[in-house]
Structure formats: structure tokens, C-alpha cells
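Thanks, everyone, for making the time. I would like to walk you through one model today, going from the overall fold to the surface.

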Amino acid sequence: MNVLLVEDNFVIAMHLQDLVETDGHSAVGPFAKAEEALTALGAHKIHGALLDYSLAAGTTSISVADKLYELGLPFAFVTGQARINIPQRFACVPRLFKPIQDQALSTVLQGFQKCALPSLW
């Protein structure tokens, strides 16, 4: 499974990439900016995504979440904040809290596989 990674903190991004790959999946990215991730969505076959909600310069990954939703692809928000203002339309999207626990990430990735549409594989 190809997992898009959007994370602006280099150390956390490398850790996420390592966890995804250790779980037997391929990481696409990491990308620090939403625009880069959106470009990657058009260039790679993506099966799911892990999105850091709050990115640099006060930006968010909501534009990526909107595109993933439009494409019917599963995703989860990754955050270090207990309270974030995620739009109501994404209230049911899984959230992983930093520091990310291996088992929590593995569970989310397994959920991606269960949610994926067969035509996307």
C-alpha cells in the first residue's frame, strides 16, 4: 500500500516514514507543504494518507484532506495538539497523536486497507 505522508517537521516525518515502511507499506513523501502533496496525488498511486494537520506558516493540510475525500481515499490526521479545529466534515477521520505509537499507526493503516476501494488497487 502506498501511503502519502504530509509532515513539516523533518524528524517526525522520518519517524513516520520508518513506521510506515516497517509495517510493510511504501511511503510517498514526506511532503512539508500541502501543495507538494497535492502534486504527488496526481503523480503517484496513493492508497491512503497520514496528514499533519498544522503545517508551517500557519497553513493546514485541509486542502489535501478535501482532495483525498473527493477521491474516496482513506486518511488520518496526525497532530501534537490536543485541541485542533478540524472542520466538521472530517469529524470522523481518525487522529493519531504525537508521539505516534507503533500499534496505533498499524491499526490505522489496517483500517485504510479495509476502506480502500478495489478499483484503486
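I will begin with the chain as a whole and then turn to two surface patches.

Please keep in mind throughout that this is a predicted model. The protein chain holds 4 helices and 5 strands, and, read from the N terminus on, its elements run β-α-β-α-β-α-β-β-α. The radius of gyration of the protein chain is 13 Å, close to the 14 Å that the globule rule gives for 121 residues, so the chain is as compact as a globular protein of that length. In terms of extent, the C-alpha trace spans about 35 × 30 × 25 Å along its principal axes, and buried residues account for 43% of the 121 residues.

Now to the surface, where helix α1, covering residues 10-22, is a useful place to look. Which residues make the nonpolar surface patch? Phe 10, Val 11 and Met 14 do, and the patch they make comes to about 330 Å². Val 11, which is found in helix α1, has a relative accessible area of 62%, and since the cut-off for exposed is over 50%, Val 11 counts as exposed.

The other patch is a negative one, formed by Asp 18, Glu 21, Asp 23 and Asp 102. Glu 21 also sits in helix α1, but here the relative accessible area is 39%, and because partly exposed denotes the range between the buried limit of 20% and the exposed limit of 50%, Glu 21 is classed as partly exposed.

So, to recap the surface, helix α1 holds Val 11 from the nonpolar patch, and Glu 21 from the negative patch.

Conventions:
Residues are numbered from 1 along each chain as its sequence is written. This is a predicted model: local features need pLDDT of at least 70, side-chain atom pairs count only at pLDDT 80 or more; totals for chains, interfaces and linings use all residues. Side-chain values use heavy atoms; hydrogens and water are left out. Patches are made of residues with over 30% relative accessible area and no salt bridge: like charges are joined within 9 Å, nonpolar side chains (Val, Leu, Ile, Met, Phe, Trp, Tyr) within 5 Å. Accessible areas come from the Shrake-Rupley method with a 1.4 Å probe; for residues, only the protein chains shown count as cover. A salt bridge is a side-chain nitrogen of Lys or Arg within 4 Å of a carboxyl oxygen of Asp or Glu. Lys and Arg count as positive and Asp and Glu as negative; His and the chain ends are not counted. The place of a charge is taken as NZ of Lys, CZ of Arg, CG of Asp or CD of Glu. Helices (H or I, at least four residues) and strands (E, at least two) are DSSP runs, numbered from the N terminus. Buried means under 20% relative accessible area, exposed over 50%, partly exposed in between (1.4 Å probe, protein chains only). The radius of gyration is taken over C-alpha atoms; the globule rule is 2.2 Å times the number of residues to the power 0.38.
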